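Work through the exercises below with the sequence and the model at hand. Try each task before reading its solution.

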Amino acid sequence: MIELKSVTKRFGSETAVDAISLTVERGELCALVGTSGCGKSTTLRMINRLIEHDGGEIHIEGRPIREFDGRLLRRRIGYAIQSTGLFPHWTVARNIGLVPRLLKWPAARVAERVEELMLLLGLPVEQFAAKYPAQLSGGQAQRVGVARALAADPDILLMDEPFGALDPITREGLQAELRDLQARLQKTIVFVTHDMDEALALADRLVVMNAGRIVQQGGPLELLRAPADDFVASLLGGDDRGLKAAAITRVGERMLPLATRPMPPARVSREATLHQALAVMFREHAERLAVVDGDDQPVGEISLRRIVGAGREGGGEP
Amino acid sequence: MSRSAFKRWRAPLAWCALLLVLATGGEWFEALLRWSDPEARRVLYPQADLLTLLLRHLWVVAIASGLAVVLGVGAAILVTRPGGRDFLPLVAQAASMGQTFPPVAVLALAVPVLGFGTWPIIVALLLYGLLPIVRNTLAGLEGLDPGVEEAARGMGMGAAQRLWRVELPLAAPVILAGIRTSVTVNIATAALGATVGASNLGAPIIAGIINGNTAYILQGAVLIGLLALTVDSLFARLSRRG
Amino acid sequence: MLRREAPSNPVVLMLSLAALACWLWLPLGSIAPNRIVPGTAYSLPEALGWPLTVASCLPLLGLAVVAWRPGRLAYYAALALTLLLLMALPLWLALMAQRHLDPELPQARLGIGAAGWLALFWLSLLLVELRTRLALAGWQLGLWLLPVLGAWWLTAPWLESLALWQEFRGRGEAFVEALVQHLLLVGGAVGTSLLLGAAIALAMRQNPRVERLGFALLNFLQTIPSLALFGLLLAPLAWLSARVEWLAALGVSGIGWAPAFLALLGYSLLPMVRNTFVALSEVDPGVLEAARGMGMSRGQVFRQVRLPLALPVVLEGVRITSVQAIGLTAVAALIGAGGLGTFIFQGLGQAAMDLVLLGALPILAMALAVDALLGALSRRLDHRNGQTTGASP
């Protein structure tokens, strides 16, 4: 668990981070979102003491981070950044094994761990272990960066726009992988991004920052339904945010149980989002869709009214 | 305007003025030179006055460097055009290998072929001075952002227009740096020309070394140093403008 | 005959025609009865008669044919022909010596003429061109050149009368001594400047004022011509050695190794400091951020990240400095520092061109060899250091 209590950071006369308080629960993926220069990266880097905070307190597992030696603290916290920061003169395997070696693990255990991680991140060992970073594609380099951050099995992972430099398709693929990874590993992750869609897709909780302050925090749907002010609303895409909410709500959450009347011919998966269901309706010129499970067996149905109503039901908007 | 212009040209002007004062006012400095070498029989280099030596030095460097610029830039332009591209790898490699040849060795090798005197030195300086110019012009022309080239073509510029209005202006700083290296090295190498019979600012130094006369050395060395600094600061000025 | 149609290669064609023209019209060599009298020049047909002349030209015509219809196989044929021409070069000189040298005159000597040198020049350019076309690595070209060196070595016994050889034989020991002196001066200056340059670069990284001042001073030093700097150091060092006893005891004086060493050091510092400074400064900030973020200590970041990433650029500085120092040391002979430059200036003084060659050729060879070796080493280290790009496969 990470706790920030009215943490402040000043650079000269400028206040980069202004008395922010934030708690990230164990196993939670918390996204810091905001425009560039809003203080989100600074906040992240104060957590592993790459930058020292000027005021307030930061606790990790209940202990103030000033009690730890900065270097030892950083070896316990995974760290992945946008430019990957892979050492160009080291092979992939050596890059991944960096922190375990800093922690003086025995060589055999380091090697074992490196293989394990490469497997975990879909990097075949015999193909990639001996390659140098310059020989990797952007997506592959970023996987290595994540593997390196996970190497010493840290409880906490800090990620600073790790997918920022990638093309949309590669980025979406890696986001999906990170979601799977998080479902399995249950790390405490603080994730900095300026891409609201990325934050909505990945985070359990979003923290929107502006000019060094936290403007709003909450779950994705909470934010979409009730943005605190115009700034948050515009970050969320203005009028588009209804569609964004539809994009993170599953059909299964909104469907009606099987009825006796005849099933509509067009179908959609229970796991699809409302956004995808809408797309199917457009394509099929249908106002009702049959909802099917993984085995293509009907489990319910969903109508246009149900989808459109979804925004209203749980929200606080009049 | 003129004030700021003067300010910008201050460094080259100052070096140049100092150079001219020292070159023309030999007799006035006799006392100073006397002090540098009290035992010497005479302290002013007797063969020719310093201004003549300076002008000869400049003349040789100017001719060699001028020709080197014309030939070097021309050759580099030719081999980067579609018609001459076959020669590009050879010229690029030869220019970069040639850079490793020490100037003294080039000068020394020129003598058996060309004989003693001023013209052999000019030819040797020309050949040696070509290399940095060719190399930098190639680097400048080849290093252009392909997007710019593409855009120029897209706007409908012809090959000649692209060369004059886009490629050369953009490559100019790199080309100028090459010319600067070439001229600086040539000023130094021309001084060595005194050992192969040229009469220039190297001559008092050689005479001083042979006769153990520090005053001679001082005259030659200080003037060559000032000449180099004048020219170098001139180029520094020019390159900051481009 | 050829599998692929390819456009003709004007480079090989032009080079072989240029070589042919020089070979036929310029003097192959000259023969002088002794060291002082200027020799009589002989062109190829005069020296060897037409049948041999035509035979010596055949490989060049072969090259022209290859240039007409190039292809990979054809380029290998061209390489073989070029090597054959190189192997045969001393042979023609030996034949010329055998036919025209008067056995009654033991002092008689054979000079290599313009045709010989220029043929060597054009053939070297041909090698460069063919190497590029065939994408040969340096060591591969080296292997190809071995038979040439072997052939030259085998021909050597018939070239006893070569003026260059006679100059060398007269000064065997002096030559070795000069070579050692040259290498010592270069090695000493480059080694010292590496240590000193690294120290200065580190100091500059700590303090921007030192950086500005240091670069201004070193740039200033670099613009002063070598001859002038050597000359200017004479007086102060003479003055010092006259007044400070232990300096004099060390052998420091106005002339000799001391001013040469100091001037070489001064010139070497700029490229060394510049490269070390740039190399240490321009490490990707993302890499440094990551290194720190992973919990590496300052020392670990410097030793494991900054230094290895800087090494190829530092090595590049050593290469530039060494090549420059090899040439400058030749000038240092003027102030009595010894080295191979001694022969150059002695030769120029006595108008003995072969003595000049005895000094200049090894200097040239040394510069080329050091450049090639250090360049290859730097590239080898750099090979892995390409920065990652964001491009997808």
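The exercises that follow deal with chain contacts, one chain's fold, a surface patch and backbone angles.

The model is predicted, so local features need pLDDT of at least 70 and side-chain atom pairs count only at pLDDT 80 or more, while totals for chains, interfaces and linings use all residues. Residues are numbered from 1 along each chain as its sequence is written, chains are lettered from A and ligands numbered from 1 in the order in which they are written, and side-chain values use heavy atoms, with hydrogens and water left out.

**Exercise 1. Describe the interface of chain C and chain B.**

Step 1. Find the contacts, meaning heavy atoms within 4.5 Å. Two pairs of chains touch, and chains B and C have the most contacts. Chain A and chain B share no contact; their closest C-alpha atoms lie 21 Å apart.

Step 2. Count the residues. On the chain C side 40 residues are in contact with 39 residues of chain B.

Step 3. Take the buried area, which is the accessible area (1.4 Å probe) that two parts lose on being put together, summed over both. Between chain C and chain B it is about 3,400 Å², and carbon and sulfur atoms give 86% of that. Thr223(C), Leu227(C) and Leu348(C) lose the most area in chain C, together 17% of what that side buries.

Step 4. Look for polar links. No salt bridge (a side-chain nitrogen of Lys or Arg within 4 Å of a carboxyl oxygen of Asp or Glu) is found across this interface. Two residue pairs are in polar contact, both at pLDDT 80 or more; the term means a pair of N or O atoms within 3.5 Å, where within protein one must be able to donate a hydrogen and the other to accept it, and residues adjacent in sequence count only if both atoms are side-chain atoms.

Step 5. Name the elements. Helices (H or I, at least four residues) and strands (E, at least two) are DSSP runs, numbered from the N terminus. Those of chain C that give two or more residues to this side include helix H1 (10-25), helix H5 (114-134) and helix H16 (353-382). H16(C) gives the most, with ten residues.

**Exercise 2. Summarise chain B and place Ala203(B) in it.**

Step 1. Chain B has eleven helices and zero strands.

Step 2. Buried means under 20% relative accessible area, exposed over 50%, partly exposed in between (1.4 Å probe, protein chains only). Of the 242 residues of chain B, 49% count as buried.

Step 3. Ala203(B) lies in helix H10 (residues 202-211) of chain B. At a relative accessible area of 12%, Ala203(B) is buried. Apart from neighbours within four places in sequence, Ala203(B) is in contact with Tyr45(B) and Ala194(B).

**Exercise 3. Which residues with a positive phi can be described in chains A and C, although they are not glycine?**

Step 1. Most residues other than glycine have a negative phi.

Step 2. In chain A, Ser6(A) has a positive phi of about 30°. Ser6(A) belongs to strand E1 (residues 2-11) and is partly exposed, with a relative accessible area of 38%.

Step 3. In chain C, Ala135(C) has a positive phi of about 50°. Ala135(C) sits in the loop between H5 and H6 and counts as exposed at 63% relative accessibility.

**Exercise 4. Where is Trp139(C), and is it buried or exposed?**

Trp139(C) is in helix H6 (residues 138-155) of chain C. Its relative accessibility is 60%, so Trp139(C) counts as exposed.
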